[in-house]
Structures are given as C-alpha cells and as structure tokens.
Amino acid sequence: MDKKKVAVPLVCHGHSRPVVDLFYSPVTPDGFFVISASKDSSPMLRNGETGDWVGTFEGHKGAVWSCCLDTNALRAASGSADFSAKLWDALTGDELHSFEHKHIVRACTFSEDTHLLLTGGVEKILRIFDLNRPDAPPREVDNSPGSIRTVAWLHSDQTILSSCTEIGGVRLWDVRSGKIVQTLETNSPVTSAEVSRDGRYITTADGSTVKFWDANHFGLVKSYDMPCNVESASLEPKFGNKFVAGGEDMWIRVFDFHTGEQTGCNKGHHGPVHCLRFSPEGESYASGSEDGTIRIWQMGPASHDENDSVPGNGTTGKVKVSADDIARKIEGFHITREGETT
C-alpha cells in the first residue's frame, strides 16, 4: 500500500478509565455533539466537531457501559454497572430519572421518536421505558438467549435489534409481539451493531469480521475479514462508500465499502480500540480506547496541521469549559453533585 499522509487527530482527554462507548447526535441548531461512556462512571458531553468538553454527567456509582443522545441532543441516557440506566438533561447536566435494574446495564438507546428508552444487559431482558411516564413499569421482553451486549431500533421503532455477550448472531425482535422474527448468524459474538442513518444497512463487528446486512430484507450484503479482532465498526453516513474498524491491535483502519480495500491506517491509541463512530455528516469519526482517550479523526485531506491539534479539554473531578462559544450555546450546564461518592 502506498505510504499515506499521517493523520493527526484531535485528542480528547478527561476520562480516567477506558472509553467503551461513543454516540453522536444528529446535527442540531447548535451543531452536533458526541457523548462518551467510560468505566470511570462519568459520561462526558463534547462538541462533536472540535472535541471541546461541554459537561460531565455525575451520579453513577459504577462503570458506564453505554450512552446515547436524543434527536435534538436535549437529553442523554446512560447504562451502568451500578444496576441503573439514567436519563439526563443534556443542557443542565441534571439527572431527570434513574431506571433501576437487577443487574448490569450494558446497552441503552432512545427510540427514533425519542419517547422510549430501550435497555439491555446481564439480566437477558430487553426493557422499554416510556419517557412520558418514567415512573411506570417498563415493558419487558425476557427471552433473550444470552446476556445483552448491544441494542438498536429499526423500522420506525417497530423492530428491536440485539446482540449477546457470549453467543454469536444478531436478533431482530418484533416490538408488538415481543418475538424474534429473524436472526443474523455470525460465528463470534457481535461486539458492535450500528444501523445506518438511511436505515439501509446494519453494520456488525464479530471476531475478525465486519459484516453489512440489508436492514429491510436481512440478507448478508458484504463480509470482510479484518487483520485482527475488531470491537467496533462504523459506516460513513453520507455517501456510504467507506467504513472504519478498530480493535485489539490499537490501529484504526479505513476501508472502501464496495471492495473492502484498506485505504488508510491511523495509529495513535495506546490501548485496544473499543468504539468507533462517524460524525453525522461523515467528515470525521471518533474512536474511544482502553487508554482513556477519545480521538477525532478527519476524513480526506487534513484541514489542520499538528500545531492545531490541541487536545479537547476535560479532566476528572473539577472541569473547566475550554471553548467560550460552546459555553455560550449551552449556558448553565453544571456538574450535579447529588449522590456523589468519593
């Protein structure tokens, strides 16, 4: 492969433990945002374009395994090893509600209409919470064959996707009946499952393979072998012609969607890559690693040089806003200290 220009990412410090999940909001009137989940128990919100820290959600008492934002980036949700999923006000940082579970919550996601929150975890139960009635008991779908690793919504919230920690395959559930209607077979457990923005594809990572499935007819569209075990993969959302994958060898590789040819390889993390996600317009993507950092990589020709690669600020404990414009856009975001343990 030809020698490529070395990409210099924006490095976002702040987490003190491994970063295990990332989620981008769609573009909002205030830009777009990225939220990160970490084993340090404190999800962080950042400007998705610059990586600048916006705020930290404090209240969990265990590792946070999953995080997400609603369509307008007004609310956030997180799932944790403290047996809870929490709903947050993304403008103020306030905890709006805590949904108690009986075991570790590994995955959570908002429905497309933002009225529902779906969770899954070690209990092998999918729970659907009505956010308009947060105190009401959730709807439960309890016949998952294994501990739940990932969840997603499909088909205008009519179908649920889930994968398991110990066994291969992706299960598709009919929301109305609570039954599995299809299983996408994989040889290894699926560690990452992403529904494309246009709803056409499901991108999965299992073992050393990245697969693309037809999200409507459920057939396997493409399957590519990777150079190592990969934990996460993400399809470029605007044109759908590239995807990125990363895993145990600490490198992030860029591939051509149509041919599987590797077109780039980015090095920089000092630990396995646990999560990768494209920004909503596909001009950049973020990676989270065992090394506790988030790196934001630009697609195409770099528009900045190394001197511009200032780390997005953020520390554990007391944090200060590094970008005045973000502070103005989201005034009043504060770190809630309720229930904080030392």
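## Strands and pairing

Strands (E, at least two residues) and helices (H or I, at least four residues) are DSSP runs, numbered from the N terminus. Two strands pair if DSSP finds at least two bridges between them. In general, pairing within a sheet uses backbone hydrogen bonds, in a parallel or antiparallel sense.

This is a predicted model: local features need pLDDT of at least 70, side-chain atom pairs need 80 or more, and totals for chains, interfaces and linings use all residues. Residues are numbered from 1 along each chain as its sequence is written, and side-chain values use heavy atoms, without hydrogens or water.

## An open sheet

Four strands make an open sheet. Their order is 1-27-26-25, with antiparallel pairing. Strand 1 (10-12) and strand 25 (273-278) are at the edges; each has a single partner strand, so one side of each lacks a neighbour in the sheet. On average, neighbouring strands here are turned by 20 degrees against each other, direction ignored. Such angles are taken between axes, which are lines fitted to C-alpha atoms (N-to-C directions, 0 to 180 degrees; for helices, over the stretch in contact).

Five bridges link strand 25 to strand 26 (residues 284-289). Cys275 has Gly288 in strand 26 as its bridge partner.

## A hairpin

Strand 8 (residues 84-89) and strand 9 (residues 95-100) run antiparallel, joined by five bridges. Leu87 stands opposite His97 in strand 9. The two strands form a hairpin with five residues between them. In its turn, Gly93 has a positive phi of about 85 degrees.

## Annotated repeats

An unreviewed UniProt entry places "repeat: WD" at residues 57-98 and 266-299. UniProt positions follow the numbering used here, feature names are shortened, and annotations may be inferred rather than shown by experiment. Residues 266-299 are 53% strand and 0% helix. The end C-alpha atoms of that span lie 11 Å apart.
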